[in-house]
There are 4 protein chains.
Amino acid sequence: MNNDATDAQIDIVVKKIQSLGHGVNISRGTKRTVIGAIGDEQKLDPKLFDSLPGVEYSMHIVKQYKIVSRESHKQDSVIEVCGIPIGGSQIQVIGGPCSVETQDQMDSAAQHVAAAGCRLIRGGAFKPRTSPYTFQGKGKDGLGMLRQAANKYNLPIVTELMDVRMLDTFLEHDVDIIQIGTRNMQNFDLLKEVGRIDTPVILKRGISATISEWLMAAEYIAASGNHNIILCERGIRTFESAYRNVLDITCIPVLKRETHLPVIIDPSHAGGKAWMVPALSRAAIAAGADGLLVETHPNPAEAWCDADQALNPQDFKDLMVSLQGIAQTIGRSI
Amino acid sequence: MNNDATDAQIDIVVKKIQSLGHGVNISRGTKRTVIGAIGDEQKLDPKLFDSLPGVEYSMHIVKQYKIVSRESHKQDSVIEVCGIPIGGSQIQVIGGPCSVETQDQMDSAAQHVAAAGCRLIRGGAFKPRTSPYTFQGKGKDGLGMLRQAANKYNLPIVTELMDVRMLDTFLEHDVDIIQIGTRNMQNFDLLKEVGRIDTPVILKRGISATISEWLMAAEYIAASGNHNIILCERGIRTFESAYRNVLDITCIPVLKRETHLPVIIDPSHAGGKAWMVPALSRAAIAAGADGLLVETHPNPAEAWCDADQALNPQDFKDLMVSLQGIAQTIGRSI
Amino acid sequence: MNNDATDAQIDIVVKKIQSLGHGVNISRGTKRTVIGAIGDEQKLDPKLFDSLPGVEYSMHIVKQYKIVSRESHKQDSVIEVCGIPIGGSQIQVIGGPCSVETQDQMDSAAQHVAAAGCRLIRGGAFKPRTSPYTFQGKGKDGLGMLRQAANKYNLPIVTELMDVRMLDTFLEHDVDIIQIGTRNMQNFDLLKEVGRIDTPVILKRGISATISEWLMAAEYIAASGNHNIILCERGIRTFESAYRNVLDITCIPVLKRETHLPVIIDPSHAGGKAWMVPALSRAAIAAGADGLLVETHPNPAEAWCDADQALNPQDFKDLMVSLQGIAQTIGRSI
Amino acid sequence: MNNDATDAQIDIVVKKIQSLGHGVNISRGTKRTVIGAIGDEQKLDPKLFDSLPGVEYSMHIVKQYKIVSRESHKQDSVIEVCGIPIGGSQIQVIGGPCSVETQDQMDSAAQHVAAAGCRLIRGGAFKPRTSPYTFQGKGKDGLGMLRQAANKYNLPIVTELMDVRMLDTFLEHDVDIIQIGTRNMQNFDLLKEVGRIDTPVILKRGISATISEWLMAAEYIAASGNHNIILCERGIRTFESAYRNVLDITCIPVLKRETHLPVIIDPSHAGGKAWMVPALSRAAIAAGADGLLVETHPNPAEAWCDADQALNPQDFKDLMVSLQGIAQTIGRSI
């Protein structure tokens with residue numbers, strides 16, 4: 001529908017689809033409203049709809065995923081977070097520690113992340129841990145520490161939501177980007193809930209999710225109305241045991257063909273070791289990624305989790321410099 | 001602790017562990033209360049605890065998973081569901097359709113499942129579907145239909161819980177066994193919630209979860225106090241595309257060594273085709289599985305989901321007969 | 001072609017196919033000669049060939065694999081090795097040590113393998129080892145030891161061929177079944193060479209070979225004229241690290257549908273531990289395997305390779321007894 | 001040993017190792033001779049050897065792979081092929097068609113490969129094909145065509161050896177680099193044979209080979225005396241079916257740590273589609289690869305095999321230009 005389509009106009013389209021024997025999904029995003037017909041679409045003729053008031057265009061979409069498909073939306077989606085564009089020519093590196101530990105640690109992290117030239121900060125307050133007996137995150141207090149540290153440097157914050165019951169708390173803390181973690185990529189009730197708000201969502205790929213399953217998970221969010229979705233590859237599970245996961249760089253050109261959504265890479269979880277991060281980061285940018293999610297800690301040796309994979313402030317700064325060269329070579333900035 | 005340990009006795013043990021600089025996890029199950037020390041256990045001496053009142057025994061457990069480990073509990077756990085034992089010498093086949101569709105369908109399913117000799121029935125009311133545009137289950141109404149159909153034949157019911165906010169509804173419908181599905185195996189908040197009740201839980205293996213991750217997920221439930229856990233293997237994801245998943249039969253002897261929990265197999269989701277189910281079912285029983293979770297539908301061709309993998313009533317009945325022979329050969333009944 | 005088709009009759013069919021613009025593959029097996037047309041088969045009409053002298057029947061085969069496909073040959077192939085049938089109702093267990101070490105060891109192995117009721121013996125003289133610095137097998141001397149030990153108990157021998165230049169030596173030692181190992185499943189020159197002789201071949205599945213690739217590898221042997229092929233599943237590589245490989249039991253019913261060739265299972269390499277072998281063996285037989293390839297050693301603790309996975313004589317004997325029960329249940333003998 | 005160590009000096013070291021109860025492997029490469037002790041090395045003291053005449057240094061190597069390990073040889077190995085260095089600061093792109101088809105095709109390919117700035121050419125004369133009924137390569141004639149076309153532009157040639165019996169033919173055609181393909185990575189007899197000559201070897205990674213297995217395969221070649229080994233990653237097999245293989249970019253920094261051998265990447269087989277090649281190539285160079293093996297064909301639409309993945313001359317030329325930018329950014333040339 002057109003940006004200024006009225007409810008009445010939407011209603012007419014919906015009724016028409018239903019009268020032709022199809023189900024309807026209405027997804028009202030901030031930029032566009034998409035009305036999907038569910039059923040055997042081949043029986044519907046776009047011409048029946050193109051002439052209706054408020055309709056921008058109608059089309060058959062062959063892919064299982066519709067709203068997120070490149071077919072449905074040719075241009076790259078650029079998602080603005082507090083004025084910072086994700087998915088455009090400027091590449092965004094989101095730095096920060098694995099977990100929020102103390103206010104001092106976060107203040108220090110925010111300081112060095114900003115100093116390195118990053119425009120967004122990450123930090124985990126609720127941590128999905130394999131063992132019930134390990135540190136589970138600082139919870140609400142962690143959100144507060146992250147928010148306070150970030151405000152000082154004017155950095156929008158990214159943090160992971162695990163439990164649907166915590167969504168209100170996230171909104172109260174003005175979380176700028178909600179991260180859905182690997183283990184929850186197919187937690188469909190969680191996807192539907194973050195689909196009902198406007199906050200941008202980083203959707204991490206499941207550890208053995210196919211491209212198709214991943215895009216269908218994004219479609220769950222989009223179908224509920226939130227079109228501000230950023231895909232994040234973070235390494236997949238294979239037979240190889242020499243490193244934690246295998247960073248799937250091929251997904252970058254493939255996703256760029258299949259979807260209009262921004263694609264970012266998490267080189268820290270992929271390799272699992274800080275010394276692998278620079279090579280993987282350079283590869284990701286060279287392959288066309290729109291951004292990175294990188295773990296960095298004021299003092300990695302004392303990190304409460306994933307100490308092995310966090311870059312120290314100097315190495316993080318050096319990485320930013322080396323990425324600028326790659327970005328320029330391919331006609332982008334950082 | 002002893003079965004009849006008092007709160008005061010438990011408190012003394014907890015305080016002693018804490019005074020020695022360790023964290024504590026108290027898991028109050030229906031049959032036993034397990035107190036775990038968290039931290040560097042090697043510094044604690046079992047002798048310090050064995051003499052305390054109410055203590056049955058204390059030990060070092062090297063495994064990451066403690067309560068569910070065979071090390072901590074030598075005998076097989078037998079979980080009673082309405083008087084039906086799971087994990088003992090009698091093998092339980094849990095039959096039923098992929099999804100609850102109508103009252104008629106469920107009545108018919110319950111009838112043929114009971115007629116084939118099964119003692120429990122399954123049916124999905126909330127369905128985790130890859131696409132947001134496909135049938136998502138009948139929801140609460142489905143729970144009601146399942147309950148009503150099962151009551152007629154005195155069959156305890158098994159059904160999947162996806163959303164933590166639905167737990168009260170499950171309890172209201174007296175769900176006898178709560179299934180945690182593959183995609184939610186590491187939905188830790190959901191695991192913690194089902195850990196707070198006594199209802200037995202079937203914990204399906206994640207599609208690419210290692211044995212260790214799976215047992216750690218079970219440990220999440222156990223650490224919260226629910227020890228009535230049944231593990232269910234349902235096929236893992238590999239490179240092979242000739243069938244949906246690869247049934248990992250090796251996990252049966254391995255789990256029997258690592259844990260005291262019952263292990264059942266879902267041959268329907270593993271292969272993805274009804275004609276594979278008999279061979280996989282026989283293999284599972286021969287390898288030592290404690291039960292099966294099998295999809296069967298009054299009329300598979302008309303099933304609303306996974307039509308390809310449901311057995312029709314006659315094939316299901318034939319399967320039950322052939323399994324009896326295998327069970328007898330290895331000294332078990334069915 | 002009919003069993004008694006003459007060369008002249010074969011020649012007429014070949015010329016006809018060529019005159020219609022297709023390539024030809026002639027595979028002369030001991031039981032039948034198969035003439036394949038290569039190219040766009042849809043353009044050929046079976047009716048053009050059915051009436052030619054010597055032609056038994058002609059048909060379109062849609063599968064990529066032709067001679068080994070069930071489509072081309074409906075009945076199960078039964079391969080006779082010194083009068084012992086593989087692929088019929090009698091299940092064959094092929095026992096023996098990983099590697100031939102000494103004459104004493106092999107004599108002792110042959111004795112206990114025969115005593116347990118096996119009709120064939122295995123032993124490796126040429127060993128494919130991951131490291132160039134570990135024991136590479138006794139070579140030709142090993143073949144001699146195996147032959148001598150087996151003769152005493154009238155056991156046909158199975159041993160692995162790695163190097164095409166060793167084929168004559170294998171024939172001189174009257175190797176009864178040539179094993180092509182996992183690492184050589186797609187060593188196409190080796191496959192072509194064993195395709196030029198009549199000796200039955202056990203073709204092990206590559207560690208991450210799909211069903212289709214495996215059958216195509218068998219087709220290489222068949223296309224060269226040797227139709228005496230036995231497929232052997234030995235565990236596939238997955239993400240799981242708790243055991244060496246994952247035994248793919250699902251391949252049994254799938255192969256039974258796709259091909260007429262016998263299917264056997266190697267439970268020893270699959271699990272990698274002797275204690276897993278009984279459960280996996282029972283599962284394999286219950287799922288419909290035509291036989292097993294099991295490692296057993298007179299004294300596993302002293303085995304020169306894979307000591308962990310060999311059964312001792314008593315455990316091996318016990319396994320044979322327990323398998324008899326399973327075999328009877330499914331209407332087979334052992 | 002020193003470069004100018006005499007046979008007598010080598011003999012003294014060998015005898016000393018043997019007298020201490022260890023086995024010996026002597027690997028005489030063109031640049032150095034490495035003497036390895038096999039057995040429990042911890043019992044040997046380097047001091048016993050360092051003072052012997054001709055000994056450069058002696059050390060314990062903990063890795064299973066010795067000669068190829070970074071531990072044994074700190075500097076990057078640079079392999080010279082007709083004066084062209086592989087493994088140094090200059091990156092080498094080896095271009096050419098999947099298979100040699102005709103002299104015209106090869107002449108044309110050599111022309112455009114040279115014009116794009118490549119210094120080496122590839123082309124397959126013996127093709128490992130999944131099906132026995134598809135084009136198996138032009139064989140010896142193909143070697144001749146490749147040689148003739150390459151000579152005109154002074155390009156060293158790279159081509160795959162599948163059958164150990166063809167090695168002499170390869171030497172007669174002055175093949176400059178012998179490629180060992182994915183399917184033969186653990187064809188140990190083939191590895192040993194190419195280990196007995198000096199011709200550089202490109203060892204492709206097996207489709208599901210671990211880093212450790214791959215380096216052990218290289219060690220087979222090295223242990224036989226050929227130290228001129230180039231490792232080539234070409235995509236690994238995973239669960240993902242949206243593309244042929246997953247290019248494992250992480251292996252680049254990991255191999256650079258573990259071994260001194262050059263590492264190149266084959267982006268064509270990894271993705272399986274020409275349109276993926278530029279992104280994967282840029283990623284590989286950015287991650288630190290020493291070169292690329294890229295399929296390009298004068299007319300991809302008419303290629304006899306893998307038509308989908310070959311770049312046309314213009315796209316290939318464009319790729320070379322874009323890679324120059326990346327190379328400069330990281331301080332290398334191309």
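In chain D of this predicted model, eight strands close into a barrel, and their pairing is parallel. Around the barrel the strands follow the order β5-β6-β7-β8-β9-β10-β11-β12. Neighbouring strands of this sheet are turned against each other by 25° on average, with direction ignored. Chain D is also related by symmetry to chain A: a turn of 180° lays one on the other.

**Barrel of chain D**

- One of the strand pairings joins β7, residues 157-160 of chain D, to β8, residues 177-180 of chain D.
- These two strands run in the parallel sense and are linked over three bridges.
- Within this region, D:V158 has D:I177 of β8(D) as its bridge partner.

**Relation of chains D and A**

- Chain D superposes on chain A with an RMSD of 0.0 Å after a turn of 180° and a shift of 0.0 Å along the axis.
- That combination is the relation of a two-fold axis.
- The C-alpha of chain D nearest the axis belongs to D:A283, which lies 2.0 Å from the axis.
- Of the interface residues of chain D, 100% are also interface residues in chain A, so the copies meet through the same surface.

**Contact between chains A and C**

- Chain A and chain C contribute four residues each to their contact.
- On the side of chain A that touches chain C, the residues by class are one nonpolar, two polar and one charged.

Notes. Residues numbered from 1 in each chain as written. Chains lettered and ligands numbered in written order. Predicted model: local features only at pLDDT ≥ 70, side-chain atom pairs only at ≥ 80, totals over all residues. Least-squares fit on C-alpha atoms with pLDDT ≥ 70 in both. Contact = placed C-beta atoms within 7 Å. Nonpolar A, V, L, I, M, F, W, Y, C, P; charged D, E, K, R; others polar. Pairing = 2+ DSSP bridges. Helix = DSSP H or I, 4+ residues; strand = E, 2+ residues; numbered from the N terminus. Axes fitted to C-alpha atoms, helices over the stretch in contact; angles between N-to-C directions.
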